[in-house]
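Colleague: Could you take me through this model, chain by chain and then across the interface?

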Amino acid sequence: MANIAAQRIKREFKEVIKSEEVAKCAIKLELVDNNYTELKGEIAGPPDTPYEGGNFVLEIKVPETYPFNPPKVRFITKIWHPNISSVTGAICLDILKDQWAAAMTLRTVLLSLQALLSAAEPDDPQDAVVARQYKENLDMFKLTARHWTNAYAGGPSVNSECDDKIKRLVDMGIEEHQARVALSSYNWDLERATEQLFS
Amino acid sequence: MGFEINRFQGDVDEELICPICSAVLEDPLQAPECEHVFCKACITQWISRQPTCPVDRQNLTSAQLTQVPRILRNLLARLTISCDNAQYGCTRVLNLDTLSTHLEECEHNPKRPVLCEQGCALVIPKDELKDHNCIKELRSLITKQQQKMNEYQHEFHELRFFILEQRREMQLLKDFMRALKTSNPSMRAIADAMDRDAQDREVVRWSNSLQRARVTRWGGMISTPDDALQRMIKRTLTEMGCPIHILDDLMENCHECRWPPGLCSLETRQNNRRQYENYVCKRVPGKQAVLVLHCDNQHMGEDMMVEPGLVMIFAHGVE
């Protein structure tokens, strides 16, 4: 790995560890390998959002050309958000693409992602299904996102109605995540989700 | 790429850190408006990808980068840093501004060129000295030289072949021209004209190589020099490198019987005395004589000049 990239990451790692956000448990950063090419990030769901109370794990890969090119970041924790793929965790955020600047750091990236959770951009979606729901039925979106936060990110709010519907599908032999995706995509309409799953 | 921060003694202020490489600024440059500062190498590399300031994304080109303020340079110069060769045993700690001078002469630089003292006298990097084998090195040197020699020899042969080829071609062209000349009268005329041009150019060149002469007493002119005098002048002209095709004509023009109408008798000479000063004369070294060449004297009237020129011999009065 290029010297400059390793040196930057070392320093940034220290910066994050010492930051007040870590003290407040808002962000977290861990090394995955010893040569600073891969890290694991974690951000807390921002308050007053469907993600509140959840912890979202991120995979961070540092390219050889860092910091001249942005780090490659994706969500490991499954999340329901217009700008994050519910399938792959890929993120649509300008600073991770053409708006990257060499002076940005892993800390600013993590904080930007946290900000993205509070302010979605449905007009520049990564997940078209989620974005459509966000624009057409915001309440349904919030309910779904909160349920996903509870199911995957350790969020506190349990929605027993959702859980029941999933259980119905699981009882029919559908895998749980698959059932959740289908129900989420059809605004928790059990009939249509079933139809889609068995068609 | 700046200097690694852990090479410095004590704390380094955040302001002295490059936001790109996160090391201490090396050859710092600053953006004009926002005044953000970066290492030269870092910001150049960034701008080559994207012409913006990496901190605030304002437009920024390489040409706009300027030197940083003196105070910043001084603060950097004052930092104390360990030598690049610390891992090879150098214990020096010096001010940042003296680092480069030290590195040039640092004893611990593993790549410092040293002279082999075992006999081969080759200059080799210090870290290769322990595995250095004079005979092996010299042998590889010989092989390399031999290779080079072979290459040159090859090239030499090729060039020689090329020259022979050219020579043959030139001969062919000459023959061809000769044949054209004999078979075609207009070609002959062109060839002759070319020859004449070449001869004229030769005379001009020769004339330009001669020194100017000044005749102070035109009355000393000998209009009927005898044979002995003529032979002597002719010999001198030959020694002066006079073009062979004008030599005889010139020498014939040293006697009034061949002079132009304006000079050919005592009477006409008397009439034209005033024009003498207009002649451009060239020296005939060591002799009381001057050359008045046609090519130098085209401004004179036709009755005062003949081709290819005149030789004037004097009893005295030439400088």
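**Domains, sheets and contacts**

Modeller: The centres of domain 1 of chain A and domain 2 of chain A, taken over C-alpha atoms, are separated by 27 Å, the domain bounds coming from an automatic or database domain assignment. This is a predicted model, in which local features need pLDDT of at least 70 and side-chain atom pairs count only at pLDDT 80 or more, whereas totals for chains, interfaces and linings use all residues. Residues are numbered from 1 along each chain as its sequence is written, chains are lettered from A and ligands numbered from 1 in the order in which they are written, and side-chain values use heavy atoms, with hydrogens and water left out.

Colleague: Which three residues supply 57% of the area that domain 1 of chain A buries against domain 2 of chain A?

Modeller: The assignment gives domain 1 as 3-118 and domain 2 as 128-198 in chain A, and their contact (heavy atoms within 4.5 Å) takes 14 residues from domain 1 and 20 residues from domain 2. Buried area is the accessible area (1.4 Å probe) that two parts lose on being put together, summed over both, and here it is about 1,300 Å², 75% of it on carbon and sulfur atoms. The three residues that supply 57% of the domain 1 share, more than any other three, are A:P50, A:K78 and A:W80.

Colleague: Which strands stand at the edges of the chain A sheet?

Modeller: Helices (H or I, at least four residues) and strands (E, at least two) are DSSP runs, numbered from the N terminus, and two strands pair if DSSP finds at least two bridges between them. In chain A, 4 strands form an open antiparallel sheet in the order β1-β2-β3-β4, with a twist that averages 25° from one strand to the next. Two of these strands each have a single partner strand, so one side of each is left without a neighbour in the sheet, and they are β1 (27-31) and β4 (72-75).

Colleague: Which residue in β4(A) does A:K61 stand opposite?

Modeller: Strand β3 (residues 55-61) of chain A runs antiparallel to β4(A), and 4 bridges join them. Within β4(A), the residue opposite A:K61 is A:K72.

Colleague: At what angle do the axes of α4 and α5 of chain B cross?

Modeller: In the contact, B:L180, B:K181, B:T182 and B:S183 in α4(B) meet B:P185, B:M187, B:R188 and B:A191 in α5(B). Axes are lines fitted to C-alpha atoms, for helices over the stretch in contact, and angles run from 0 to 180 degrees between N-to-C directions. The axes of α4 (residues 134-183) and α5 (residues 185-209) of chain B come within 5 Å and cross at roughly 120°.

Colleague: Which residue in β11(B) stands opposite B:I222?

Modeller: The chain B sheet is open and antiparallel, with 4 strands in the order β8-β11-β10-β9. β8(B) and β11 (residues 309-314) of chain B pair over 2 bridges, and the residue in β11(B) opposite B:I222 is B:I313.

Colleague: How far apart do the C-alpha centres of the two domains of chain B lie?

Modeller: The assignment for chain B gives domain 1 (5-105) and domain 2 (210-314). Their C-alpha centres lie apart by 82 Å.

Colleague: Which three residues supply 45% of the area that chain A buries against chain B?

Modeller: The contact takes 17 residues from chain A and 18 residues from chain B, and the area buried between the chains is about 1,500 Å², of which carbon and sulfur atoms give 53%. On the chain A side, the three that supply 45%, more than any other three residues, are A:Q7, A:R11 and A:F68.
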